[in-house]
Amino acid sequence: MNTTADSSTPFMNTGLALFANEPYKVKDLSAAGVRYGRKELELALVEMPGLASLREEYIALQPLKGAKIMGSLHMTIQTGVLIETLQLLGADVRWVSCNIFSTQDHAAAAIVAGPNGTADAPNGVPVYAWKGETLEEYWWCTMQALLWPDGSGPNLILDDGGDATLLVHLGYELETKNELPDPTKGGSYEESVILQLLLDVRHARGNRFWTEFAKPIRGVSEETTTGVHRLYERGLAGTLLFPGINVNDSVTKSKFDNVYGCRHSLVDAIMRATDVLLSGKKVLVCGYGDVGKGSIESLRGQYARVAVTEVDPICALQACMMGVDVVRIDDVVSDMDVFVTATGNKAIISAAHMMKMKHNAIVCNIGHFDNEIDMAGLEAMAKAGTVEKIEIKPQVHEWRFANTTHGPGGKGHSIIVLAEGRLVNLGCATGHPSLVMSASFTNQTIAQIELHKSAESYGVNQVATPGGKKPSVVTLPKHLDEKVARLHLAKFGAKLTLLSEEQASYIGVTVSGPYKAEHYRY
């Protein structure tokens, strides 16, 4: 790894300068790619009534004028509709994908070109993303999206998984401690890449780059469970630098994205990747939270025989009431045909587990991070020569074990790992459908408007105003959650019943809502 760097030094093995000031970086900015992406964006908008309604409601008001939004979220067609919605409402936007395999390259091309631009004369939003990035390229892309051409940064972040938020916080903390980033101290290879990036920034831009960079950031809206967890951790520890809006736990996000989205996209991904018949297969889903619930509905819809692992007794009881067996992985690992991790935790399926699996068992992850499945353990075995990694097609690999004896002819068995342990629905398919993401991204847009309007009511930036009101992490109020739902009802032809004043009074609500108490669980 590099020990010194300046602004022109390539970052690690990318061949790209860390302070490159490139206007965009995508895989295929061709006329065909732009045309394909633009057409899909037009089709998606029809299926995203929430974002379409926000455009109509707010475009004249320009509520995001003056907002500089750095987005770190899967660069898909649906995200493209979100990006252009933010832009239409006045924001200056830059974007990076939050996953090395999730980018839809035609979507990235269309957003760079813009609705009125072309492949030859792009005038859209700067995007730094392509499908199949290396980890080094991924973090290079994140840095590019954070940096505006004039050297300034964002005043708002829209995050999915917390990577952009992490980079700013970690860079600031190391500067505050006067501690030099040390890539040899990374707990994983990716952590070492992050520390190398921060070290290169230190060498190139000095000891106060992140301190000055963090000062203008007024808040972040966070998309997913793991990123939200990290925000709450920082809030409790007193290390959160700016307020956050927890988008993940809006009902219209958690149910749509985590339950209904996974109910569609899990089996879509497995079947696209493998063409295997799921009916009659034994499938183990690890985790019965919202993602696990949607995943199991998806699999049961194909008449797979599904069991689940759980640590939470309430979730386990819910699984039992749905007729799903609750088991321990060690008891069934040799008997299952398909394994799906959906926990949001780490070290769920180990290399030792995979050594015991059936020949050609399928292994995949639909939780957030890439460490639910022990890919590092497999890679270490590959280096040692005890397992061979064979690409079947991009994001679909056979791992053939040399020393097991329950494969064909009593020799080594194989397993099929999808999307290298990362999100299978985005690595091997196209993610959630537009209508599902409309609910999630309507919440994100409302959250960004709220932060731009009044972020300081939730706490002030602790770098710019040390000792000021401590930043908090909040969810959107219930009346906005209900608004998101209302914006989607017409798409289904649904007509709400109207309460009378007497009925509303009887249950202690207003005629216009909200209709449920904050503690109500949907």
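How many cavities of 30 Å³ or more does the count come to? The answer is one cavity, and please keep in mind throughout that we are looking at a predicted model. That largest cavity holds about 40 Å³ of space. Its lining is made of G171, L174, E175, P181, L198, V201, R202, G206, F209 and W210. Three helices each supply at least two of the lining residues: α6, residues 163-176, α7, residues 189-205, and α8, residues 209-214. If you like to think in terms of chemistry, the lining of this cavity divides into six nonpolar, two polar and two charged residues.

A word of background for anyone who joined late: rolling a probe the size of a water molecule over the atoms shows where empty space is left.

Now on to an open space, the second largest pocket, with a volume of about 540 Å³. There are 19 residues lining this pocket, and those closest to its centre are E482, A485, L489, L496 and Y515. Which elements give two or more residues to the lining? They are α10, residues 251-274, and α18, residues 478-489. Helix α18 provides the largest share, with seven residues. Sorted by type, the pocket lining has eleven nonpolar, three polar and five charged residues.

Let's turn to the sheets. Strands of a sheet pair through backbone hydrogen bonds, either parallel or antiparallel. In our model, one open sheet has seven strands, and if you trace across it you read β3-β2-β1-β4-β5-β6-β15, with parallel pairing. At the edges sit β3, at 127-128, and β15, at 473-474, each of which pairs on one side only. To zoom in on one pair, β5 (residues 219-222) and β6 (residues 244-246) are joined in the parallel sense over three bridges. Within that pair, S221 has I245 of β6 as its bridge partner.

Two helices are worth rotating into view here. Helix α3, residues 77-88, lies across β1 (68-72), β2 (92-96) and β4 (156-159), and runs at about 160 degrees to β2. Helix α5, residues 135-146, lies across β1, β2 and β3, with an angle of about 175 degrees to β2.

The other sheet I'd like to show is also open, with eight strands in the order β9-β8-β7-β10-β11-β14-β13-β12, and its pairing is mixed. Why do β9 (325-326) and β12 (387-393) each have one side without a neighbour in the sheet? Both strands stand at the edges with a single partner strand, so one side of each is left free of a neighbour there. Further in, β11 (residues 361-365) and β14 (residues 414-418) run parallel and are joined by three bridges. V363 is the residue opposite V417 in β14. Lying across β12, β13 (396-401) and β14 is helix α15, residues 375-384, which runs at about 55 degrees to β13.

One last residue before I hand over: L236, which lies in helix α9, residues 225-237. Is L236 buried or exposed? Its relative accessible area is 79%, and because exposed means over 50%, L236 counts as exposed. As for its distance from D160, 76 residues away along the chain, the two C-alpha atoms are separated by 20 Å.

That's my tour; thanks for listening, and I'm happy to rotate the model to any part you'd like to see again.

Note on methods: Residues are numbered from 1 along each chain as its sequence is written. This is a predicted model: local features need pLDDT of at least 70, side-chain atom pairs count only at pLDDT 80 or more; totals for chains, interfaces and linings use all residues. Side-chain values use heavy atoms; hydrogens and water are left out. Two strands pair if DSSP finds at least two bridges between them. Helices (H or I, at least four residues) and strands (E, at least two) are DSSP runs, numbered from the N terminus. Contact means heavy atoms within 4.5 Å. Axes are lines fitted to C-alpha atoms, for helices over the stretch in contact, and angles run from 0 to 180 degrees between N-to-C directions. On a 1 Å grid over the protein atoms alone, a cavity is a set of points where a 1.4 Å probe fits but cannot get out, and a pocket is an open set with protein on both sides within 12 Å along at least five of seven lines; lining residues have an atom within 4 Å of a point. Grid points are joined across faces, edges and corners, and a volume is the space filled by probe spheres set on the points. Ala, Val, Leu, Ile, Met, Phe, Trp, Tyr, Cys and Pro count as nonpolar, Asp, Glu, Lys and Arg as charged, and the others, Gly among them, as polar. Buried means under 20% relative accessible area, exposed over 50%, partly exposed in between (1.4 Å probe, protein chains only).
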